[in-house]
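Q: Please take one part of this model and look at it closely, working outward from a single helix to the residues packed around it. I would like a connected account that a bench biochemist can follow with the structure open.

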Amino acid sequence: MLSLFILILFSLFVVIKSSNYAIHYSTRLAESFCLSKYVVGFIIVAIISILPESFISITSAVKGVPAFGLGTLFGSNVADLSFVFVFVILFAGRNLKVESKIVKNKPVYLVSMLIPIILGLNGHYSRFEGLALIVVGVLFYYLTLKDNKLDVSIKKTKFKIKDVIFLLISMGLILLGSQAIVKFGIDLANVLYISPVLIGMFIVGLGTVLPELIFSIKAARHHQDSLALGDILGTVVADATVVVGIVALICPFEFNRRIVYVTGTFMVLATFLLFYFMKSGKKITKKEAILLFVFYLFFVSVELLISQ
């Protein structure tokens with residue numbers, strides 16, 4: 001058991017150090033292309049951040065249990081939209097500033113989050129619905145890039161291929177470290193005879209949000225609020241549309257409607273709550289972070305209650 005604790009701590013160290021490098025090189029890329037840090041977080045970092053849950057979900061589909069992956073995706077999204085923001089603000093030690101263009105994207109963002117819920121109300125995702133979700137995700141990313149492409153206030157720097165290489169390496173290490181934490185965490189849970197429900201919710205689900213959690217904390221501490229917000233919001237959209245769509249394309253599947261009615265509903269409610277906080281004062285305060293934490297605890301309580 002001690003060796004598992006050591007392996008988990010070492011994996012966490014790898015994730016944290018890699019996040020430092022990821023912030024550095026993604027910021028350099030933003031400057032070389034005159035892209036806003038919000039777009040870099042939303043597009044580049046977020047896409048790499050979804051790899052842990054993507055791997056778990058696709059593996060689940062291949063093994064014939066895609067519903068497990070869907071639960072992990074929706075559950076991790078609730079954590080991203082509430083739990084993750086709590087720790088980002090806590091470790092940043094200040095309020096998070098919200099750019100106007102983030103609030104401006106609210107309608108499209110909310111629609112993108114509602115579509116997978118609406119399509120899943122019948123407890124089934126077909127290949128056609130999977131393709132539709134992928135199109136929705138790609139379209140949303142296109143609109144985000146189209147509306148926020150250039151930032152003239154950024155001083156353009158020379159593009160260096162090594163920045164791309166080191167960004168990919170650092171994000172790859174974040175992925176590997178996160179996967180290791182999930183694996184060793186599950187092993188530890190088995191040793192301690194923890195309930196499978198708790199394993200899925202607190203180890204697999206929370207383990208998959210580690211890339212965006214660590215990255216966003218580091219970005220916020222470097223006063224790169226747009227990078228932090230873009231990473232989290234971009235990850236959630238990709239999970240709910242593109243990743244679910246890929247799973248459905250691989251293996252159309254039926255699932256317990258409770259995943260949509262309960263977990264999916266909490267995911268949408270968390271989205272509305274978060275954007276409400278963003279709109280008021282154009283920042284997310286510490287008090288609002290506490291409310292997000294209470295919301296997440298309520299979500300966990302409901303999930304545990306109905307899983308009995």
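A: A suitable place to begin in this predicted model is helix H6, where Tyr109, Leu110, Ser112, Met113, Pro116 and Ile117 are buried. The helix itself covers residues 106–119, and its 14 residues should span 20 Å at 1.5 Å a residue, which agrees with the 20 Å that separates its end C-alpha atoms.

The partner to consider next is helix H12, which takes in residues 258–279. The axes of H6 and H12 come within 10 Å and cross at roughly 175°, and since an angle over 145 degrees counts as roughly antiparallel, the two helices are therefore described as roughly antiparallel to each other. On the H6 side, the residues that meet H12 are Lys106, Tyr109, Leu110, Met113, Leu114 and Ile117; on the H12 side they are Val260, Gly264, Met267, Val268, Thr271, Phe272 and Phe275. By class, the residues of this contact divide into ten nonpolar, two polar and one charged. Tyr109, Leu110, Met113 and Ile117 thus appear among the residues that meet H12 and also among the buried residues of H6.

H6 also has a neighbour in helix H11, which is made up of residues 225–250 and contains Val236. With residues up to four places away in sequence not counted, Val236 touches Tyr109 and Met113, and also Asn77, Asp80 and Leu81. Val236 counts as buried, at 0% relative accessibility. Along the chain Val236 lies 35 residues from Thr271, and the two C-alpha atoms are 9.5 Å apart in space; Thr271 is one of the H12 residues that meet H6.

The contacts of Val236 lead on to helix H4, in which Asn77 has its place. Asn77 is buried, with a relative accessible area of 0%, and, leaving aside its neighbours within four places in sequence, Asn77 is in contact with Thr235, Val236, Asp239, Ala240 and Met267. Met267 is also one of the H12 residues that meet H6, while Val236 is the H11 residue introduced above.

H4 deserves a description of its own. This helix runs over residues 66–92, and its 27 residues reach 37 Å from the first C-alpha to the last, close to the 39 Å expected at 1.5 Å a residue. A kink of about 45° is found in H4, centred on Asp80, and Asp80 is also among the residues that Val236 touches. Because 21 of the 27 residues of H4 are buried, the helix is largely enclosed by the rest of the structure. Just after H4 comes Gly93, whose phi is positive, near 70°.

H12 can also be followed toward H4 through Ile259, which lies in H12. Ile259 is buried, with a relative accessible area of 11%. Apart from its neighbours within four places in sequence, Ile259 is in contact with Ala67, Leu70, Gly71, Phe74 and Gly264. In sequence Ile259 and Leu70 are 189 residues apart, yet their C-alpha atoms are 7.8 Å apart in space. Gly264, for its part, is also listed among the H12 residues that meet H6.

Beside H12 in the sequence is Phe255, which has its place in the loop between strand E3, residues 253–254, and H12. Phe255 counts as buried, at 8% relative accessibility. When neighbours within four places in sequence are left aside, its contacts are Ala67, Leu70, Gly120, Gly123, His124, Tyr125 and Val260. Ala67 and Leu70 are also contacts of Ile259, and Val260 is among the H12 residues that meet H6. The C-alpha atoms of Phe255 and Tyr125 are separated by 8.6 Å, although the two residues are 130 positions apart along the chain.

To place this region in its setting, the protein has 13 helices and four strands, and 55% of its 308 residues count as buried. Of the contacts in the protein with a separation of 6 or more, 88% are accounted for by residues 24 or more positions apart; the pairing of Ile259 with Leu70 across 189 residues is one example of a contact over such a separation.

Methods: Residues are numbered from 1 along each chain as its sequence is written. This is a predicted model: local features need pLDDT of at least 70, side-chain atom pairs count only at pLDDT 80 or more; totals for chains, interfaces and linings use all residues. Side-chain values use heavy atoms; hydrogens and water are left out. The expected span of a helix is 1.5 Å times one less than its number of residues. The bend at a residue is the angle between axes fitted to the seven residues ending there and the seven starting there. Buried means under 20% relative accessible area, exposed over 50%, partly exposed in between (1.4 Å probe, protein chains only). Axes are lines fitted to C-alpha atoms, for helices over the stretch in contact, and angles run from 0 to 180 degrees between N-to-C directions. Angles under 35 degrees count as roughly parallel, over 145 as roughly antiparallel, 65 to 115 as roughly perpendicular and the rest as oblique. Contact means heavy atoms within 4.5 Å. Ala, Val, Leu, Ile, Met, Phe, Trp, Tyr, Cys and Pro count as nonpolar, Asp, Glu, Lys and Arg as charged, and the others, Gly among them, as polar.
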